[in-house]
Amino acid sequence: MPLTTTTAPPFVTVLARGLLAGLVAGLLAGVFAYVAGEPHVEAAIAIEEAAAAHAEPAAGGHDHEDTLVGRNGQRGGLFLATGLFGAAMGGLLATAYVLLARRRRVHDDGRSGLPLAGAALLGAVIVPFLKYPANPPAVGDPATINQRTVTYLLMVVLGLVAVWAGSLGYRAVGTDAPGLRATAAVGGFLLVTVASYVVMPSFQEVPADFPATLLWDFRLASLGTQVVLWTGIGLLFTALMRHGQRRPTGAAPTG
């Protein structure tokens, strides 16, 4: 009967699996974004173009400049962008997985990859989204784009800190009190999250006449793209790790 052993693969192997999982998940997220998000982007661009055309007579008219990349090129670039971003996130997930596994000195055949992906989704996506939800192309003041970018990135960092605070609260309570451990984890997470929301500035740049349904459909599609990405990374990375770490190493003696 074959014997199996579970050994820790080298970092390069784990990284390759993370990159592959991220690339595939990124392409899947691109498909979701194309199907669920592109119609709302088109509608937002149409609103923006109609507003610009309406403002032209009052401004005396002006010449239009061709965009560097047309809409067809932007659609194709969507898959390239999500694929590359997914590969990068998969690589970061693999690195975090190796670092945490070495710290625990335990090899779990990839099962911790899924909770890691869930933590990244919560801290780096959901927490910032609730403070700074995505806006379609027709929404936002170009003069504040740098400030909004910096504050969003800072919110991503604070979201990850909130997840870390939750994990500290969970580990601070003994295993004999699971309810208290969960309460401590949620409390630590909410403490940092709420404090971040209060301290960080807010931006109210949505025009009053912008269709609310279109705005929230676009935002939900953007959030859904990230959910697909991180769920795919977690599931694919776990599957690759479990498949790669269990291999027959010999045969049992026959007597």
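## A first look at a helical chain

At 1.5 Å a residue, helix 3 (residues 113–131), with its 19 residues, should span 27 Å, and its end C-alpha atoms are indeed 27 Å apart, so expectation and model agree. Please keep in mind that this is a predicted model.

Helix 3 also holds a bend: a kink of about 30° is centred on L122. Many names appear on its buried list, which reads G113, A117, A120, L121, G123, A124, V125, V127, P128, F129 and K131.

**The chain as a whole**

Stepping back, the secondary structure consists of six helices and two strands. Following the sequence from start to end, you meet them in the pattern β-α-α-α-α-α-α-β. The chain has 255 residues, and 35% of them are buried. Its accessible surface comes to about 15100 Å², with 69% of that belonging to carbon and sulfur atoms.

How much of the contacts with a separation of 6 or more comes from residues 24 or more positions apart? Such pairs account for 86% of those contacts. One pair to look up in the structure is A36 and G224: they are 188 residues apart along the chain, yet their C-alpha atoms are separated by 8.6 Å. A36 sits in helix 1 (residues 11–59). With a relative accessible area of 23%, A36 counts as partly exposed, because that class runs between 20% and 50%.

**Helix 4, inside and out**

Helix 4 (residues 145–172) is a good place to continue. Its 28 residues reach 40 Å from the first C-alpha to the last, close to the 40 Å expected at 1.5 Å a residue. The buried residues here are T151, M155, V156, G159, A162, V163, A165, G166 and G169. What do these buried residues pack against? Their partners are helix 3 and helix 5 (178–199).

Three residues of helix 4 show how exposure varies along it, as set out below.

| Residue | Relative accessible area | Class |
|---|---|---|
| M155 | 0% | buried |
| T151 | 9% | buried |
| W164 | 52% | exposed |

M155 belongs to helix 4. Which residues does M155 touch, leaving aside those up to four places away in sequence? They are V127, P128, K131, Y132, S196, Y197 and M200. V127, P128 and K131 are also on the buried list of helix 3. Another residue on that list is V125; its C-alpha atom is separated from that of M155 by 9.5 Å, although the two are 30 residues apart along the chain.

T151 lies in helix 4 too. Its relative accessibility of 9% is under the 20% cut-off, so T151 counts as buried. Again leaving out residues up to four places away in sequence, T151 touches Y132, M200, P201 and F203. Y132 and M200 appear among the contacts of M155 as well.

Is W164 buried or exposed? At 52% relative accessibility, W164 is over the 50% cut-off and therefore counts as exposed. W164 is also part of a nonpolar patch on the surface, together with L154, V157, V161 and L168. The patch has about 430 Å² of accessible area in total.

To sum up helix 4, M155 is buried at 0% relative accessible area, whereas W164 is exposed at 52%. The buried residues of this helix pack against helix 3 and helix 5, and W164 takes its place in the nonpolar surface patch.

Notes. Residues numbered from 1 in each chain as written. Predicted model: local features only at pLDDT ≥ 70, side-chain atom pairs only at ≥ 80, totals over all residues. Heavy atoms only, no water. Helix = DSSP H or I, 4+ residues; strand = E, 2+ residues; numbered from the N terminus. Expected span 1.5 Å × (residues − 1). Bend = angle between axes of the 7 residues up to and from the residue. Buried < 20%, exposed > 50% of the residue type's maximum accessible area, 1.4 Å probe, protein only. Patch = residues over 30% accessible without salt bridge, like charges linked within 9 Å, V, L, I, M, F, W, Y side chains within 5 Å. Areas by Shrake-Rupley, 256 points an atom, 1.4 Å probe, with all protein chains shown as cover. Salt bridge = Lys/Arg side-chain N within 4 Å of Asp/Glu carboxyl O. Contact = heavy atoms within 4.5 Å.
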